[in-house]
Amino acid sequence: MQVYLTEKIHDAALAFLREHFHVSCGYLLSEDGRKAAMAESDGLLVRSAQVSAAVMEGMPKLKVIAKHGIGVDNIDVEAASRRNIRVVNAPLANINAVAEHTLALLLAAAKNLCCLDRRVREGGFASRNLYLNTELAGRTVGLVGFGKIARLVAKKLPALDMTVLTSDPYCDLHEAKRLNTRCVGLEELLSESDFVSLHTPLMPATRAMVNADFLKKMKPSAVLINASRGGVVDEPALICALREKTIAGAALDVFDPEPPEAGNPLFSMEQVVLSPHNAALTDRAMLAMSMDSASGICDVLEGRAPEFPVN
């Protein structure tokens, strides 16, 4: 059997797959070579590559698609199901990495770290008097969504003496209470939170949910944090809100589209902290995501039930 990789994975997982299957690394092949390899492959492992119904049609032997991570918005899961193709992912592998990055974005925004770093490098040490940082103790963080990553963020935030709210239609009240988090409606969360952190998957119901109306309901002093999916935010509405000071700032690891276009207005805004969708790319998470997705392919192709099925 043959497995096709669209992008690089951890060497340990690549070696694991090669012990069981013939592996084609698409990123090393010509366009014709990629088409030929895909047509012969039984398994497909992807990171950010798009897997549409048309891609699946070009892979007549395909039995399983593995996502190197949690979100499967780059995979047409319905099309896969219609073709009896299993979809698996790695839902636990990177959750701590993303939770930590969320806190890093929050701290960087509160303490103006990117601006201050740049000023010092430019010789502007006197800029220490130009920026007033935010003290976090006693402030409120609102988590929009209360899944695995949000719960880890909630678990870590008490170390900063911050109050934690969450809004999630499926909120586990017992788990929220255990994590000293209060479940509230979205409007209450937006009106009370000094930092609003997004933790929702990208789906039709959440696409562009952070729109002009959403942003107007936030405090003018609040900061929006997004390490989930870029499409959850209406980016032009966010840019407008930042320009008009409807909100005070933003800290973003994700964009829509990706990569962001050159000259994106966010790049020139001092009140915005940016990173290149690499919250999940830590040493441990990369190994875990690679191994979990590779194991999912192995389970399906060898006739076992996968540990993390999506469909």
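# Pocket lining, sheets and backbone exceptions

The residues that line the second largest pocket comprise 15 nonpolar, 6 polar and 3 charged (Ala, Val, Leu, Ile, Met, Phe, Trp, Tyr, Cys and Pro count as nonpolar, Asp, Glu, Lys and Arg as charged, and the others, Gly among them, as polar). The model is predicted: local features need pLDDT of at least 70 and side-chain atom pairs pLDDT 80 or more, while totals for chains, interfaces and linings use all residues. Residues are numbered from 1 along each chain as its sequence is written, and side-chain values use heavy atoms, with hydrogens and water left out.

**Exercise 1.** State how many helices and strands the protein has, and give the span of its C-alpha trace.

*Solution.* Step 1: the protein has 12 helices and 12 strands (DSSP runs, H or I of at least four residues for helices and E of at least two for strands, numbered from the N terminus). Step 2: along the principal axes, the C-alpha trace spans about 60 × 50 × 35 Å.

**Exercise 2.** Give the strand order of the open sheet of 5 strands, and find its edges.

*Solution.* Step 1: the order is β2-β1-β3-β4-β5, with parallel pairing (two strands pair if DSSP finds at least two bridges between them). Step 2: β2 (22-25) and β5 (86-88) each have a single partner strand, so one side of each lacks a neighbour in the sheet. Step 3: inside this order, β3 (residues 43-46) runs parallel to β4 (residues 64-67), and 4 bridges join them. Leu45 has Ala66 of β4 as its bridge partner. Step 4: helix α1 (residues 11-20) lies across β1 (2-5), β2 and β3.

**Exercise 3.** Do the same for the open sheet of 7 strands, and list the strands that α5 touches.

*Solution.* Step 1: the 7 strands follow the order β8-β7-β6-β9-β10-β11-β12, and their pairing is parallel. Step 2: the edges are β8 (181-183) and β12; each has a single partner strand, so each is left with one side without a neighbour in the sheet. Step 3: at the β8 edge, 3 bridges join β8 to β7 (residues 163-167), and the two run parallel. Val164 stands opposite Thr181 in β8. Step 4: α5 packs on the sheet and touches β6 (140-144), β9 (195-198), β10 (223-226), β11 (249-252) and β12 (contact means heavy atoms within 4.5 Å).

**Exercise 4.** Locate the second largest pocket by its lining residues and by the elements that supply them.

*Solution.* Step 1: 24 residues line this pocket (on a 1 Å grid over the protein atoms alone, a pocket is an open set of points where a 1.4 Å probe fits, with protein on both sides within 12 Å along at least five of seven lines; lining residues have an atom within 4 Å of a point). Step 2: Ala109, Asn112, Thr134, Val223 and Ala248 are the closest of them to the pocket centre. Step 3: α5 (95-110), α6 (113-121) and β12 (272-274) each supply at least two lining residues.

**Exercise 5.** Find where the backbone has cis peptide bonds, and which residue has a positive phi although it is not a glycine.

*Solution.* Step 1: Asp256 and Pro257 are joined by a cis peptide bond with omega about 5°. Step 2: the bond from Glu258 to Pro259 is also cis, with omega near -5°. Step 3: Pro257 lies in the loop between β11 and β12, and Pro259 is placed in the loop between β11 and β12 too. Step 4: the residue with positive phi is Asp161, at about 60°. Asp161 belongs to the loop between α7 (148-156) and β7.

Technical notes:
Axes are lines fitted to C-alpha atoms, for helices over the stretch in contact, and angles run from 0 to 180 degrees between N-to-C directions.
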